[in-house]
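This report looks at how charged side chains pair in one protein model. Please keep the structure open while reading.

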Amino acid sequence: MFNCRRGWFFRVTRAATSLQRPEQRPRPLATRPAPRPRSQALGSLKCFLGALKMEITEMTGVSLKRGSLAVEDNDSVAPAEAAKRQKVSECCLTKGQDGLENDSPPSSENVPGLPEAVHTKEGKKDSAAQLDIEGEEEEDGLSEEGDEEEEAESFADMMKHGLTELDVGITKFVSSHQGFSGILKERYSDFVVHEIGKDGRISHLDDLSVPVDDEDPSEDVFTVLTDEEKQRLEELQLFKNKETSVAIEVVEDTKEKRTVIHQAIKSLYPGLETKTEDREGKKYIVAYHAAGQKALAKVRTAADPRKHSWPKSRGSYCHFVLYKENKDTMDAINVLSKYLRVKPNIFSYMGTKDKRAITVQEIAVLKITAQRLAHLNKCLMNFKLGNFSYQKSPLKLGELQGNHFTVVLRNITGTDDQVQQAMNSLKEIGFINYYGMQRFGTTAVPTYEVGRAILQNSWAEVMDLILKPRSGAEKGYLVRCREEWAKTKDPAAALRKLPVKRCVEGQLLRGLSKYGMKNIVSAFGIIPRNNRLMYIHSYQSYVWNNMVSKRIEEYGLKPVPGDLALKGATATYIEEDDVHSYSIHDVVMPLPGFDVIYPKHKISEAYREMLTADNLDIDNMRHKIRDYSLSGAYRKIIIRPQNVSWEVVAYDDPKIPLFNTDVDNLEGKPPPVFASEGKYRALKMDFSLPPSTYATMAIREVLKMDTSIKNQTQLNTTWLR
């Protein structure tokens, strides 16, 4: 995502392929309507780029996580690149604590071709939530000054080598209604996601109370220590100084006060033990490491704080509902773990959630009390924790049933009849289950090209694709790093241009410095496994999109003999005798791999031709390196959302919220009241999607709009001229 500059309004029409030459345009399943008059078609879309970071439901099987680009994965969860500074209220800050470090592996927001997100301010809340990543200013090539035409043309120039939907096989619609335009994610609060748990219930934050537990320490444990004492204790806990103990004088020498100090140290600093000592007639509580370095290593790696202090009758995991605004899941967990002074790996969840949205999901944490978690509600902005309970088990990736979306499309241009047709089609037929544009990157080096080179065992090409200069919007230091690499081919010199060395480019350069240019495989292996697999999953998605478009073009929206359907987890062929027992919603298509079967009709040969053209053997998808062997998976070609409802509302102020969030309801705010007439109209949509499904593609089907950044910028530059 890119910075939405002042006064820059993108205008979008549903004529998504209008800039393609006639011979380039795909033959649609449903005929696209003729272009409407400019006044109707060019509905305001303030920074359409927000839409491209659209929340999707969690990916399963071979899917990937895309950090702040909203491509979510239940399988590959790489922690996000943490911000160094998070604005918090004074109650949680200790001396020197405002610079939040994170030594987690990077998210794929640093993968080549995937620009980092920078959001517009949304009132004071957004402004306060802005993050200063590694102290580096945002450099995306866009000038702050200049008129709208210059800015739009500059951005279009940057994106002219980007991808369109056509490039990644997204070419068909299943409905015949006329599309219309609308503003997607004008405010991050226009996009709300509630997780659907394994029991089928939608997660809501509706209870901030803490379970009553006699074993819990008093609230005083959070305030009894001074900032200086907290700083000294933290340094002791992490062996950051030469002290072997920290002594805290007990001014009010009562047993109750001493007990609270003991509890505070043991609760807030896992790994430390305490004792009471008399020194020159004064009482001190002395904190120390019971077993030296080994005790800290156990706490930090096994995430096993003070087993003996946890009541045996209580479940080992505290489950809670996390409400967050404008922050992705791993970012949120990194912040929570920092202020709880624990490692992020003691948290578990069923799936990651997007950044530019309001999301509600269930989290579990090992041996942290609900009381301690609830205290964070007083400290952190844009978070709320509630619905606490103690359970015996953690949460596991992939356990969720899906997500429920509440989406507002502002300033829509469609008539009530057009909206009704579009939403009825979404409810009754659904949409093509394409992998969205977020999965493929936005620069001249798509992620699927890197994946293809990995599968081909072309490691020099892998290195070149990741490190070479490319068109598109990137941070300035990445541009300088690539230029240095192109000029010198010196990994150490290029690495010096990177202030943020945990990005994929930085890790690859570090690997090349360590292993040498002749051992690219080992150098590439330094990148976290999930980020490496992301590339080949992107290639699988690219193949799948193209094959599904061919399947729908060839056979339409009906099952045919030779199609595949799932019986349990096993794919079987649809035979001619029982074709009437199936609907298009039963049909699946394979992602290429060594453990899948292919349809028994023309599309099987199309798979083979596509992989052969890419110098890959469809009959041997095993790789010399086990990590890169593709087993494949099956994916439904049409998804029909559940719990679909919608309404069109009128409003005058583009800044007002158009529905209440969970926090609004907790605070007792009345729901918004709409006038019968208004300057603008908005479409409020509610729907549920299963895992591994892009909400972006559902909204594409409603609006009939190409979701690629390239097409939008080209269309808007044309309009501004």
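## A pair within one helix

In this predicted model, Lys487 forms a salt bridge with Glu484, and their closest N and O atoms lie 3.9 Å apart. The two residues are three positions apart in helix H13, which spans residues 476–488, so about one helical turn separates Lys487 from Glu484. Their surroundings can be told apart by relative accessibility: Lys487 is exposed because its value of 66% is over 50%, whereas Glu484, at 13%, is buried because that value is under 20%.

## A pair between distant parts of the sequence

A salt bridge also links Asp627 to Arg532, with 3.4 Å between the closest N and O atoms. Asp627 sits in the loop that runs between helix H18 (602–613) and strand S17 (633–636), while Arg532 belongs to helix H17 (residues 529–555), so this pair ties together parts that are 95 residues apart in sequence. Asp627 counts as partly exposed, with a relative accessibility of 27%, and Arg532 counts as buried at 9%.

## A further pair, a network and the total

Asp664 and Lys669 are joined through their side chains in a salt bridge with an N to O distance of 3.5 Å. Of these partners, Asp664 is buried, having a relative accessible area of 13%, and Lys669 is partly exposed at 42% relative accessibility. Elsewhere, Lys275, Glu277 and Arg279 are joined into one network by salt bridges that share partners.

How many salt bridges does the structure hold? The count is 21, and the pairs described above, including Lys487 with Glu484, are among them.

How values were computed: Residues numbered from 1 in each chain as written. Predicted model: local features only at pLDDT ≥ 70, side-chain atom pairs only at ≥ 80, totals over all residues. Heavy atoms only, no water. Salt bridge = Lys/Arg side-chain N within 4 Å of Asp/Glu carboxyl O. Helix = DSSP H or I, 4+ residues; strand = E, 2+ residues; numbered from the N terminus. Buried < 20%, exposed > 50% of the residue type's maximum accessible area, 1.4 Å probe, protein only.
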